[in-house]
Amino acid sequence: MSSTDTGAATCARHGAPTRLRCAECETPICPECLVKTPVGLKCPEHAEAVPVPENKRKPSSKKGMVVAALATVAVAAGVVALAAGGGGGGGGGGGGGADTTPGPALPAPDRIRTPQVAIMDADGGNKRILTNRPLAFDGAPVWSPDGSRIAFESVVEGRRSIWVMQANGEGIRRLTDGAGEDSSPAWSPDSARIAFMSDRDQNPEVYVMNADGSAVRRLTNLGGQDGWPAWSPDGARIAFLSDRDGGVLTLWTMAADGAGAAKVTDAPAVAHRPAWAKDDRRIVFTSDRDGTPDVYAVNLDGSALIALASTPQAEGEAVYSPGGGEIAFASDRDGNPSVYVMAADGSGVRKLTTGPRGYTPAWSPDGRSIIYISDAGG
């Protein structure tokens, strides 16, 4: 067993350094393959033999959060999906010290290439890594509307939390440090608050906190699984996904205080990762209603549903540009997950990343840059 870090071993499945081991056989497991069970972390083989309590049972097949994560898995190979872990308990709040070391332009040749937050110009040029932590698995980056900070989720030592850093990659620090899984951060338009998804109360729900990690408050609480929040540009509503009506995950909106939930799309199609248009009237999202994950747009009342990017391969993680004229998205249409940009009507598709996997794009407020997740800096 080769050591890559003091106290760390190498995951045989993914080649990643890890301090985590299966509670049954002590095989090294990384966040990409570990399974949380009521009796500890397990490798996939031993997790199958652990009975799952009813109140912790995740929906299977076409139901629940796991399936919605499959849209991301298809595009991002499962590294950033919430389905990596189950529940937990306990509180949250700010925590963690600052890491002010900026990342290099590209990773060293011998570095273990875990998913990191990267940045590029809006035309695909000038790619570089912003985070550079060999034992961290980063995902879901999003720029604060004031342009000063980037929030993202990250798995560090087996725990998925919300992190934040300056826009240049400096000052990395953890915002949430509860016993549950915290993911999918979304900034409020005034950059003062962050909505996010968490299962800290035994069930995936939407929460909100101040931008410094304080004053965590739960917004949804109806028994179903709720997650993947997206704040409207005017700050009045939050789009999210829910299976609260007993079916698969569908698209909903609610007031920013959690009141007045309204359903936008119907089953049987699974929805994933909503994002608002500049005029607050339309939402783009991922759906498998035609058999594979594709990018769709819809009005808030559920009308005018159209496919914007649809191929036999996976398309998803779409987000409007600040001006509303373009949409960045991820696709494996060329055999490798990459970041693309198209016009808001689905025309003029062009590829921005090549080589290492790239996915989960997000625009800078001025529209001049795009952050995304890269396995090797571009």
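This passage walks through the strands, sheets and a few side-chain contacts of one protein chain.

The model is a predicted one. The protein chain has 2 helices and 28 strands, so strands are what the following paragraphs mostly deal with, counted as DSSP runs. Of the 378 residues in the protein chain, 55% are buried. The chain exposes about 14300 Å², and carbon and sulfur atoms supply 50% of that area. As for contacts between residues at least 6 apart in sequence, 42% of them join residues at least 24 apart.

Take strand 28 to begin with. It covers residues 369-374, and 6 of its 6 residues are buried. In a regular strand, side chains alternate between the two faces of the sheet. Here both faces of strand 28 are covered: on one side sit Ser369, Ile371 and Ile373, on the other Ile370, Tyr372 and Ser374, and all are buried. Strand 28 also has partners. Strand 5 (residues 116-121) runs antiparallel to strand 28 and is joined to it by 6 bridges, with Val117 standing opposite Ile373. Strand 27 (residues 358-363) pairs with strand 28 too, again in the antiparallel sense, over 4 bridges. In that pairing, Gly358 has Ser374 as its bridge partner. Strands 27 and 28 make a hairpin with 5 residues between them, and Gly367 in the turn has a positive phi of about 75°.

A hairpin is also found at strands 11 and 12. Strand 11 (residues 182-187) is mostly covered, with 6 of its 6 residues buried. Strand 11 pairs with strand 12 (residues 193-198) in the antiparallel sense over 4 bridges, and Trp187 has Ile194 in strand 12 as its bridge partner. There are 5 residues between the two strands of this hairpin, and in the turn Ser191 has a positive phi of about 65°.

Next come the open sheets. One has 4 strands in the order 7-8-9-10, paired antiparallel. Strand 7 (136-143) and strand 10 (173-174) stand at the edges with a single partner strand each, so one side of each has no neighbour in the sheet. Strand 7 pairs with strand 8 (residues 149-156) over 6 bridges, in the antiparallel sense; one of the residues involved is Gly139, whose bridge partner in strand 8 is Glu153. Strand 7 also holds Phe137. Is Phe137 buried or exposed? Its relative accessible area is 3%, and buried means under 20%, so Phe137 counts as buried. Phe137 and Glu157 are 20 residues apart along the chain, yet their C-alpha atoms are separated by 9.5 Å.

Another open sheet of 4 strands has the order 15-16-17-18, also with antiparallel pairing. At its edges stand strand 15 (226-231) and strand 18 (262-263); each has a single partner strand, so one side of each is left without a neighbour in the sheet. Strand 17 (residues 250-255) and strand 18 pair in the antiparallel sense over 2 bridges, and Trp252 has Lys263 in strand 18 as its bridge partner.

Trp252 comes up again with Arg244, a residue in the loop between strand 16 (237-242) and strand 17. Arg244 lies over the face of Trp252, at 5.2 Å from the ring centre. The side chain of Arg244 also makes a polar contact, at 3.0 Å, with the side chain of Asp226. Leaving aside neighbours within four places in sequence, the residues in contact with Arg244 are Thr220, Leu222, Gly224, Asp226, Trp252 and Ala261. A charge over a ring turns up at Arg133 as well: its charged end sits over the ring of Trp163, 4.3 Å from the centre.

Lastly, the aromatic rings. The structure holds 3 aromatic pairs. One of them is formed by Phe329 and Tyr340, which are stacked, with 5.6 Å from centre to centre and 25° between the planes. Phe329 lies in strand 24 (residues 326-331) and Tyr340 in strand 25 (residues 338-343), so the pair ties together parts 11 residues apart in sequence. Both Phe329 and Tyr340 are buried.

Terms used: Residues are numbered from 1 along each chain as its sequence is written. This is a predicted model: local features need pLDDT of at least 70, side-chain atom pairs count only at pLDDT 80 or more; totals for chains, interfaces and linings use all residues. Side-chain values use heavy atoms; hydrogens and water are left out. Two strands pair if DSSP finds at least two bridges between them. Buried means under 20% relative accessible area, exposed over 50%, partly exposed in between (1.4 Å probe, protein chains only). Contact means heavy atoms within 4.5 Å. Accessible areas come from the Shrake-Rupley method with a 1.4 Å probe; for residues, only the protein chains shown count as cover. A polar contact is a pair of N or O atoms within 3.5 Å; within protein, one must be able to donate a hydrogen and the other to accept it, and residues adjacent in sequence count only if both atoms are side-chain atoms. Rings of Phe, Tyr and Trp (its six-membered ring) pair if their centres lie within 6.5 Å; planes under 30 degrees apart count as stacked, over 60 as edge-to-face and the rest as tilted. A charge sits over a ring if NZ of Lys or CZ of Arg is within 6 Å of the ring centre and within 35 degrees of the ring normal.
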